[in-house]
Structures are given as C-alpha cells and as structure tokens.
Amino acid sequence: MPFLSSTSPARAIPRSGIRTLMELALRDPEAIHLEIGEPDARPPAHVVEAVARAARDGALGYTSSLGLETLREAAAERIARRSGARADASSVVVTHGAMSGLTTVMTALLGPGDEVLLPDPTFPNWAMAARACGLVPTTYATHAREGFVPRVEDVEAVITPRTRAIVVCSPNNPTGAVYPAATLEALVELARRHDLWVLSDECYEAITFDTPHVSPAAFDTDARVLVFHSMSKTYAMTGWRVGLAHLPDPELVELVGHVAEATLACPSTSGQVAALAALTGSQEWVHDAVESYWDRRDAAVGLLAARGLRYCEPDGAFYLMVDVGTSDTDAFATRLLERRHVAVAPGSTFGEGAHRMVRVSLAAPRDRLLEGLARLADEVRPAAGSSLRAAAAR
C-alpha cells in the first residue's frame with residue numbers, strides 16, 4: 001500500500017471545535033443545539049418552489065464554472081446597491097458556499113508560505129482553508145472591552161514582509177461585532193500602504209441590530225477588496241451550498257474559473273436557481289428573520305444578566321459570546337453536553353481572544369435557546385455578571 005505523504009498540506013489542517021461538539025451532540029437525542037450557526041427556519045417558499053419548478057422542467061444541468069449569468073447579474077446589482085462598490089456580472093463568481101469560495105480565491109491569489117492575517121477571535125475555518133492552500137495563518141487581536149472591533153495599530157503590528165492578505169469579517173463570526181465605517185476605511189488604507197489584499201467575509205451582512213453594515217468595498221479604489229457572500233445565513237439555505245464572490249480583478253476571475261473547473265466543474269445548479277429566486281424575490285422573509293434574531297438576542301442577554309453571567313452583546317450575526325469562568329472551555333462544553341444536554345462551541349476553537357468564553361447560536365428556536373442558556377447558567381453558577389464590554393469599561 002502506498003504511504004500517505006508527510007508533507008501534504010492536509011496534515012496541517014486542525015479540526016474545528018464547532019464540528020467536534022456538533023458530532024458529539026448528534027449522538028444525544030435530548031441535546032439542545034446551540035453550537036452550530038444554522039437558522040431554524042425553512043427557506044422562503046418562493047425559493048423552494050423555484051427549484052421544484054426547475055427540476056420538473058429538467059433545467060438543472062451543468063452551468064458555467066463561474067455560475068449562471070442571470071445569478072451573477074442579480075448578485076452584482078445587490079452588491080453594488082448594498083456596498084457602494086462597482087460591480088457587474090463579470091466581476092461576480094458563484095461559488096460552492098462562501099468557504100469554498102474563499103478557499104478557491106486563496107488558491108488562485110496566493111502562494112505557499114504567504115501569510116494571511118485573521119481576526120482573533122477567529123472563525124476556525126479561515127485558518128483551516130489557509131493551511132489547505134499551504135499558507136501561513138496569523139492573527140491580529142480584537143478585545144471584548146472594545147466590542148471585538150479591531151484597532152488598526154493592532155493589525156499593523158503583526159504585518160510582516162510575507163503578509164499578503166487580511167481577512168475582515170463584519171458582522172463577525174464568532175463575536176457578532178459590526179465594524180464602524182471609520183474602522184473599515186482605515187483598514188483598507190492600511191492594506192493600501194502595505195499592498196495587501198482584503199478578503200471581506202460578509203456572510204452576515206443582512207443580519208444587523210443596532211449598527212448598520214458597511215462593506216470595506218465602499219472604500220476600495222484599486223480592486224484590492226474581495227467580498228464573499230453566502231445564501232446560507234440570510235435565506236436559511238445552509239445545505240444548498242451557494243456563495244458569491246465579488247472579484248474586481250478580471251485576471252483573478254479567470255484564475256478562479258480555472259480552479260473551479262479543476263475542483264467543482266460548476267456550483268450546484270439547484271442551489272443557483274434557489275439563490276436567484278432568493279435575491280430577486282420578496283425580502284420580507286429576511287426582514288422577519290432579522291427581527292426574530294434581534295428579539296432572541298435581547299431575551300438571551302436579559303436572561304444572562306439576570307442569572308449573573310458575563311457576555312458580550314452582539315450588534316449583528318446571530319452569535320453570543322458568554323464567559324463561563326474557566327479557561328478550559330473544551331472541558332466545560334463537553335461537561336455541559338454530558339450533564340445538561342446543551343451543546344455550545346468552546347472558545348478554544350476561536351483562539352486566544354475567546355479565552356474563558358463559549359459561543360452560543362441565537363439561531364435556535366427561542367424556547368430552546370432560553371432553556372439552553374438557563375441550563376448553562378446552572379452549570380456556571382457565577383457570583384455576578386454583566387456585559388463584558390460594559391464590565392471592561394468600568
């Protein structure tokens with residue numbers, strides 16, 4: 001039997017603690033699932049009907065590796081309208097989900113040994129994708145006392161001669177931070193000074209509460225900001241696997257197409273049909289979903305405050321970081337599942353910036369969310385609690 005190569009980039013890919021907990025929780029039929037970021041609602045009815053109609057009409061064959069032209073046009077219109085960026089169909093690529101899109105672009109854009117800067121706390125899949133591409137992921141700090149909004153000086157402090165790209169995520173996973181326009185403008189200017197790419201993960205751009213979403217693409221003057229969108233969170237289409245990448249550089253679009261041909265042939269056609277219906281149909285479903293997440297956020301932080309737990313109130317996405325009073329968040333999450341039948345994502349999987357915290361998904365049904373948080377509070381039994389941001393300010 002041939003041996004497995006010891007130099008394969010796959011050997012450097014760590015496991016995601018989110019998936020580890022999810023797999024443990026799937027073995028527990030009583031588990032309350034607060035570990036995974038998946039909307040509890042079904043996709044809009046008109047989206048499902050569009051796919052059913054296409055299936056009945058036999059219209060689900062192969063498409064271009066770059067995606068359906070009609071979907072690229074609709075996506076470009078939305079991106080231009082919401083971000084202020086110049087976009088047309090030729091600058092949009094349809095991807096097999098946002099993470100596959102990010103990995104494909106990293107493959108086309110960067111080379112082995114190049115460094116990619118990620119925010120800390122960080123979504124673990126970014127580092128996993130970088131490792132898979134032979135890249136070196138490093139992090140820049142964000143802090144709870146500042147609502148996990150990055151400071152430009154902290155980002156600049158970790159730039160080296162090998163740094164080629166900065167990942168920005170607002171609204172942020174895992175923290176729920178929504179970056180102010182001034183911060184994003186300063187980060188784009190920093191990238192310009194150091195001649196870096198900006199990879200902007202905007203999977204949660206439609207889900208904001210107190211602070212509006214701003215894209216760094218609004219401040220891009222030289223095609224260095226690349227934007228990644230997803231159908232999964234906005235339209236509850238997690239299993240449909242459709243993402244959208246806005247790539248202003250025509251050469252990069254061509255290279256991404258080559259990688260897509262070699263790996264996917266084309267994105268899921270049924271998913272693309274669904275995405276087109278989602279983007280061009282009524283957005284009332286999205287409005288109602290955001291209102292629901294907002295209500296769950298307020299109910300969740302109210303419960304945590306009443307029970308004396310510390311937390312960082314999110315301004316967007318549908319996650320909540322909760323201080324559980326121990327640095328061994330892996331052991332805490334495992335114990336919480338075993339004893340209380342509640343699954344949460346351990347802070348260890350998000351990096352040093354999530355020390356003593358776990359991530360809770362607000363996308364679970366409201367009653368299950370509140371029951372799960374009550375059980376978590378029973379497990380922690382703190383003496384006093386408040387917002388981590390407010391506590392830090394005091």
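**Exercise 1. Which residues does threonine 329 touch, leaving out those up to four places away in sequence?**

Solution. Start at the side of threonine 329 and list its contacts: Val324, Pro346, Gly347, Ser348, Arg356, Met357 and Val358. Next, place the residue itself: threonine 329 belongs to helix H11, which covers residues 329–340. One more pair is worth a look. Threonine 349 is 20 residues away from threonine 329 in sequence, and their C-alpha atoms are 9.1 Å apart in space. Please keep in mind throughout that this is a predicted model.

**Exercise 2. Is threonine 329 buried or exposed?**

Solution. Take the relative accessible area, which is 2% for threonine 329. Then compare that value with the cut-off: a residue counts as buried under 20%. Threonine 329 is therefore buried.

**Exercise 3. In what order do the strands of the four-stranded sheet stand, and which of them are at the edges?**

Solution. Walk across the sheet from one side to the other: the order is E9-E10-E13-E12, the sheet is open, and the pairing is antiparallel. Now look at the two ends. Strand E9 (311–312) and strand E12 (345–346) are the edge strands; each has a single partner, so one side of each has no neighbour in the sheet. Finally, zoom in on one pair inside this order. Strand E10 (residues 319–323) and strand E13 (residues 357–361) run antiparallel and are joined by five bridges. Within that pair, tyrosine 319 has serine 361 of E13 as its bridge partner.

**Exercise 4. What is the strand order of the seven-stranded sheet, and how is E2 placed in it?**

Solution. Again, read the order across the sheet: E2-E8-E7-E6-E5-E3-E4, in an open sheet with mixed pairing. The edges are held by strand E2 (92–95) and strand E4 (136–141); each pairs with a single strand, so one side of each lacks a neighbour in the sheet. From one strand to the next, the twist averages 25°.

Now follow E2 to its partner. E2 and E8 pair in the antiparallel sense, with four bridges, and valine 94 has leucine 244 in E8 as its bridge partner. Next, check the two faces of E2. Val92 and Val94 lie on one side, Val93 and Thr95 lie on the other, and all are buried, which leaves both faces covered. A helix also belongs in this picture: H3 (residues 69–83) lies across E2, E7 and strand E8 (243–246), and it runs at about 115° to E2.

**Exercise 5. Why is E6 described as largely enclosed by the rest of the structure?**

Solution. First count the buried residues: five of the five residues of E6 are buried, so the strand is largely enclosed by the rest of the structure. Then sort them by direction. Trp197, Leu199 and Asp201 point one way, while Val198 and Ser200 point the other way. Last, find the partners on either hand.

- Strand E5 (residues 163–169) pairs with E6 in the parallel sense over five bridges; here cysteine 169 has aspartate 201 of E6 as its bridge partner.
- Strand E7 (residues 225–230) runs parallel to strand E6 (residues 197–201), and four bridges join them; leucine 199 stands opposite leucine 226 in E7.

**Exercise 6. Which elements line the largest pocket and the largest cavity?**

Solution. Begin with the largest pocket, which holds about 700 Å³ of space. It is lined by 31 residues, and those closest to its centre are Arg19, Gly37, Phe123, Asn125 and Lys233. Two or more lining residues come from each of helix H1 (17–26), helix H4 (98–109), helix H5 (124–132) and E7. H1 gives the largest share, four residues.

Turn now to the cavities. The structure has two of 30 Å³ or more, and the volume of the largest is about 120 Å³. Among its 14 lining residues, Arg78, Ile79, Arg82, Glu205 and His229 are the closest to the centre. H3 and E7 each supply at least two lining residues, with the largest share, four residues, coming from H3.

**Exercise 7. Where does the pLDDT fall below 50?**

Solution. Look at the whole chain before the details: the mean pLDDT is 92, and 96% of the residues reach 70 or more. Then pick out two stretches. Residues 382–386 are below 50, with 14 contacts in the model beyond near neighbours in sequence. Residues 390–394 are also below 50, with four such contacts.

Technical notes
Residues are numbered from 1 along each chain as its sequence is written. This is a predicted model: local features need pLDDT of at least 70, side-chain atom pairs count only at pLDDT 80 or more; totals for chains, interfaces and linings use all residues. Side-chain values use heavy atoms; hydrogens and water are left out. Two strands pair if DSSP finds at least two bridges between them. Axes are lines fitted to C-alpha atoms, for helices over the stretch in contact, and angles run from 0 to 180 degrees between N-to-C directions. Contact means heavy atoms within 4.5 Å. pLDDT is the predictor's confidence in each residue, from 0 to 100. Buried means under 20% relative accessible area, exposed over 50%, partly exposed in between (1.4 Å probe, protein chains only). On a 1 Å grid over the protein atoms alone, a cavity is a set of points where a 1.4 Å probe fits but cannot get out, and a pocket is an open set with protein on both sides within 12 Å along at least five of seven lines; lining residues have an atom within 4 Å of a point. Grid points are joined across faces, edges and corners, and a volume is the space filled by probe spheres set on the points.
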